[in-house]
Number of protein chains: 2
Amino acid sequence: MTKVSFEAIEWIEGMCAKVKNPEVGWRAIMKRFHNTSVKVEDVPAPASGVKVRWLITEETGAPNFAMRQFTVAPGGHTPLHTHPWEHEAFILSGAGVVVGEDGEEEISPGDVVFVPQDEEHQFRNTGEEELKFLCLIPHQEK
Amino acid sequence: MTKVSFEAIEWIEGMCAKVKNPEVGWRAIMKRFHNTSVKVEDVPAPASGVKVRWLITEETGAPNFAMRQFTVAPGGHTPLHTHPWEHEAFILSGAGVVVGEDGEEEISPGDVVFVPQDEEHQFRNTGEEELKFLCLIPHQEK
């Protein structure tokens, strides 16, 4: 049986994300999928107990920004760090705090968090169940 | 009692969204709020039974893209339309379908939907409770 390389599969998946449009050439197409169908990745230290799913990326066809879903285990936290891009977050489940330069605030489901670029920040799970939230960022230059 | 104009209130709110940083001048600050604290607006026809909350906008300090939360009443729908910007959506609750150029697909909580620019699309509530989803778009040029 012929083996297909991982790179080849990625290339095929990329092509399947587009259809030929006689007017505009190859174009991205609408996609719908459940978040759990996306591979989950560990976020390395200094994060603790954090996993991420990159739900929408440039590979999906998104031209401007990416949608990620984070889960933080009880007692876990994202790094306390800064970077020159903003976060737009929405809390899906669980309980915790978001730490900023002006102190910390409790977060719970239905909360919206905007973290401006260059502000030090951290998400901490202070509850007894998983903290789950969406966090969107602009694409980074490569 | 002195009346304060709507424009003045908007200006004050805008300034309260920033703090003076001696190194970088005025900067946006982190914000956390519950989605229900944002005013809800009716989406006009040809939408039907649709309301929107603009959760994160340029006024929040977001430089690149906006987070909106839509609710669609049972039997309601967003317009079947196209526009030259993408949607990144996440289904929060309820049941429905997303209509695209290649047919329609069922949507339920935890589903992710990417709608590329220029693809005709519509969200329809086919369930018996409110359909609620986040839908993010890049800022439009003014």
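**Close-up views of a predicted two-chain model**

**View 1. Superposition of chain A on chain B.** A turn of 180° with a shift of 0.0 Å along the axis lays chain A on chain B at an RMSD of 0.0 Å. This is how a two-fold axis relates two copies. The model is a predicted one.

**View 2. Secondary structure and packing of chain A.** Chain A holds one helix and 12 strands. Read from the N terminus, the order of elements is α-β-β-β-β-β-β-β-β-β-β-β-β, with the helix ahead of the strands. Chain A has 142 residues, of which 29% count as buried. Among contacts in chain A with a separation of 6 or more, 60% are between residues 24 or more positions apart.

**View 3. The contact between chain A and chain B.** Chain A supplies 39 residues to the contact, and chain B supplies 39 residues. On the side of chain A that touches chain B, strand 10 (residues 111–115) gives the most, with five residues. That side of chain A is made up of 21 nonpolar, nine polar and nine charged residues. Of the interface residues of chain A, 100% are also interface residues in chain B, so the copies meet through the same surface.

**View 4. Strand pairing across the two chains.** Strand 3 of chain A (residues 31–34) and strand 10 of chain B (residues 111–115) run antiparallel and are joined by four bridges. Within this view, H34(A) stands opposite D111(B), a residue of strand 10 of chain B.

**View 5. The cis peptide bonds before P46(A) and P46(B).** In chain A, the peptide bond from A45(A) to P46(A) is cis, and its omega is near 15°. P46(A) sits in the loop between strand 4 (41–42) and strand 5 (48–56) of chain A. In chain B, A45(B) and P46(B) are joined by a cis peptide bond with omega about 15°. The loop that holds P46(B) is the one between strand 4 (41–42) and strand 5 (48–56) of chain B.

**View 6. Positive phi at D118(A) and D118(B).** D118(A) is a residue other than glycine with a positive phi, near 70°. Its place is the loop between strand 10 and strand 11 (122–125) of chain A. D118(A) counts as partly exposed because it has 16 C-beta neighbours inside 10 Å, whereas a buried residue needs 20 or more and an exposed one has 12 or fewer. Phi of D118(B), again a residue other than glycine, is positive and near 70°. D118(B) lies in the loop between strand 10 and strand 11 (122–125) of chain B. With 16 C-beta neighbours inside 10 Å, D118(B) also counts as partly exposed.

Conventions:
Residues numbered from 1 in each chain as written. Chains lettered and ligands numbered in written order. Predicted model: local features only at pLDDT ≥ 70, side-chain atom pairs only at ≥ 80, totals over all residues. Least-squares fit on C-alpha atoms with pLDDT ≥ 70 in both. Contact = placed C-beta atoms within 7 Å. Nonpolar A, V, L, I, M, F, W, Y, C, P; charged D, E, K, R; others polar. Pairing = 2+ DSSP bridges.
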